[in-house]
Amino acid sequence: MKKLIRLELRKIFSKRLTQLALAVVLLLSAFLAFSTRQNKYASDGGGNEGTGRTAVEIDKAIAARYSGILTDEKVQQMISEIVPKSGENGLNAIYLYRNTIQSAVSARFSDINGNWNGLRVSDVFGDESIKIGYVDGWLSTSQNMTRVLVIFSFFIMMMIAPVFCGEYSGVDNIILSSKYGRTKCAAAKVIAGIMASLITTAIVLTVNLLMAFVFYGSEGLDCSILFAQLTYIEGGIPFNITCGTLLAYQSVLAITGAIGVTGITLLFSAACKNQMIALVASAAVYALPLLIPMAETSALFRVVVLLPAYHTQFISLMSVEQISGILLYAVWAVPAALILIVAGGIFSRRIFAKHQVL
């Protein structure tokens, strides 16, 4: 059985199109990480400003000055020291940008003139204890990973689509006529497809997170995602979780999404006679939930949001609810993915085994 699995893995990874597509995904990851860092800008309001690496260092220095638990006193200090006063020239201080900490405090605690708007920390965040620090780099990484993982999902479909239907050009006659063709060979294809998806997912996650550590360091992983610029949709997750927790969930959801996509693609690979048809059918089923208009308050949404497309577009899934004040509803993505891969593996194996030999 091990030899059969190794053979199937070799067939999957030896395809030039698979190698090229994986290289494109990794190059996209590198490009997004580098260009995002290079396009950053920061100013400390005292004459120091810059872009790229310099901007990151300025933001880190300012974040270190105010790091720790957010308090009303710290808000007043930031309003006084880093929020620009713009009443004279008519600009709205809420939307003025100098650096990430200034932008975060201005959006929540400043009026249009750059003065305190009267809100306290408890008014904005309730009873939550908000730890602030340098979170910009990690939230940028999360955004970029979302873009990469969407493309990566289609890469998995392209990689897995030929697993069964790629044999329907005549090789199936040899495989299915052999002693273990309808049993061990079919099972080896399913296992190899799952392993290939997990291996490539691990590679993509490792590359993205490693580049984040290189570009931004480890600062801010223990800080809340809630105190950040409003431009980050990650702030739409209404729970006080850290950047480290956010990335941990996103990484788990990348794995569950890959597993779910693999289950769907294996099924169509076995059912379709053509690789292109299998790929298109898999892509259509994957994208369909995103095209269905559905209120997030609907009971059906809580089921639909567990499908693979929402694992990569993870904000909606992570915003549903918090379970017992510890875990997020997103943990249900794990059993949902297992159901898809078990169902896809079983039915694809049966379909291939029952394929008529000419």
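1. What share of the contacts in the protein chain with a separation of 6 or more comes from residues 24 or more positions apart? The figure is 70%. Keep in mind while reading on that this is a predicted model.

2. Some overall bookkeeping next. The chain has 358 residues, and 49% of them count as buried. Its secondary structure comes to 16 helices and six strands. Along the principal axes, the C-alpha trace spans about 85 × 40 × 35 Å. The exposed surface is about 16700 Å², with carbon and sulfur atoms supplying 64% of that area.

3. On to the inside. The largest nonpolar core has 94 residues, and the members that touch the most others are Leu-70, Met-78, Phe-109, Phe-155, Phe-227, Ile-237 and Met-318. Helix α7 gives the most to this core, with twelve residues. As background, nonpolar side chains in soluble globular proteins tend to be buried together.

4. Ile-237 is a handy place to look at that core, as one of the members with the most core neighbours. Setting aside residues within four places in sequence, Ile-237 is in contact with Ile-225, Leu-226, Leu-246, Phe-314, Ile-315, Met-318 and Ser-319. Met-318 in that list is itself among the residues touching the most other core members.

5. Ser-142 is worth a click too. The residue is found in helix α7, and it counts as buried because its relative accessibility is 0%, where the cut-off is under 20%. Beyond its neighbours within four places in sequence, Ser-142 is in contact with Glu-234, Leu-246, Leu-247, Gln-250 and Phe-314. Leu-246 and Phe-314 also turn up among the contacts of Ile-237.

6. Now the holes. There are three cavities of 30 Å³ or more, and the largest encloses about 90 Å³. Its lining has 13 residues, of which Ala-33, Ser-140, Thr-141, Asn-144 and Asn-208 are the closest to the centre. Three elements give two or more residues each to this lining: α2 (16-38), α7 (136-160) and α10 (184-216). The largest share, five residues, comes from α7.

7. Which classes of residue line the largest cavity? The lining divides into seven nonpolar and six polar residues, with no charged ones.

8. The second largest cavity has a volume of about 60 Å³. Its lining consists of Thr-100, Ile-101, Ala-104, Gly-133, Val-135, Asp-136, Phe-227, Ala-228, Gln-229 and Tyr-232. Helix α5 (residues 100-109) supplies the largest share, three residues. By class, that makes six nonpolar, three polar and one charged. Phe-227, by the way, is also one of the residues with the most neighbours in the largest nonpolar core.

9. The largest pocket holds about 180 Å³ of space. It is lined by 13 residues, and the closest to its centre are Lys-40, Asp-136, Ser-140, Gln-229 and Tyr-232. Helix α7 again leads here, giving the most to the lining with three residues. The classes come out as three nonpolar, seven polar and three charged. Try colouring the shared residues: Asp-136, Gln-229 and Tyr-232 also line the second largest cavity, while Ser-140 is among the residues closest to the centre of the largest cavity.

10. Two methionines sit in helix α10, and I'd look at both. Take Met-211 in α10 to start with: is it buried or exposed? Met-211 counts as buried, because its relative accessibility of 16% is under the 20% cut-off. Leaving out residues within four places in sequence, Met-211 is in contact with Ser-29, Ala-30 and Ala-33. Ala-33 is also one of the residues closest to the centre of the largest cavity. For a sense of distance, Met-211 and Ser-80 are 131 residues apart in sequence and 35 Å apart in space, C-alpha to C-alpha.

11. Met-195 is the other one, also placed in helix α10. Its relative accessible area is 33%, so Met-195 is partly exposed. Not counting residues up to four places away in sequence, Met-195 touches Ile-5 and Leu-9. From Met-195 to Ile-259 the separation is 64 residues in sequence and 9.4 Å in space, C-alpha to C-alpha.

Note on methods
Residues numbered from 1 in each chain as written. Predicted model: local features only at pLDDT ≥ 70, side-chain atom pairs only at ≥ 80, totals over all residues. Heavy atoms only, no water. 1 Å grid on protein atoms, 1.4 Å probe; cavity = no way out; pocket = protein on both sides within 12 Å on 5 of 7 lines; lining within 4 Å. Points joined across faces, edges and corners; volume = space filled by probe spheres on them. Helix = DSSP H or I, 4+ residues; strand = E, 2+ residues; numbered from the N terminus. Nonpolar A, V, L, I, M, F, W, Y, C, P; charged D, E, K, R; others polar. Buried < 20%, exposed > 50% of the residue type's maximum accessible area, 1.4 Å probe, protein only. Contact = heavy atoms within 4.5 Å. Areas by Shrake-Rupley, 256 points an atom, 1.4 Å probe, with all protein chains shown as cover. Core = buried A, V, L, I, M, F, W, Y, C linked by side-chain atoms within 4.5 Å.
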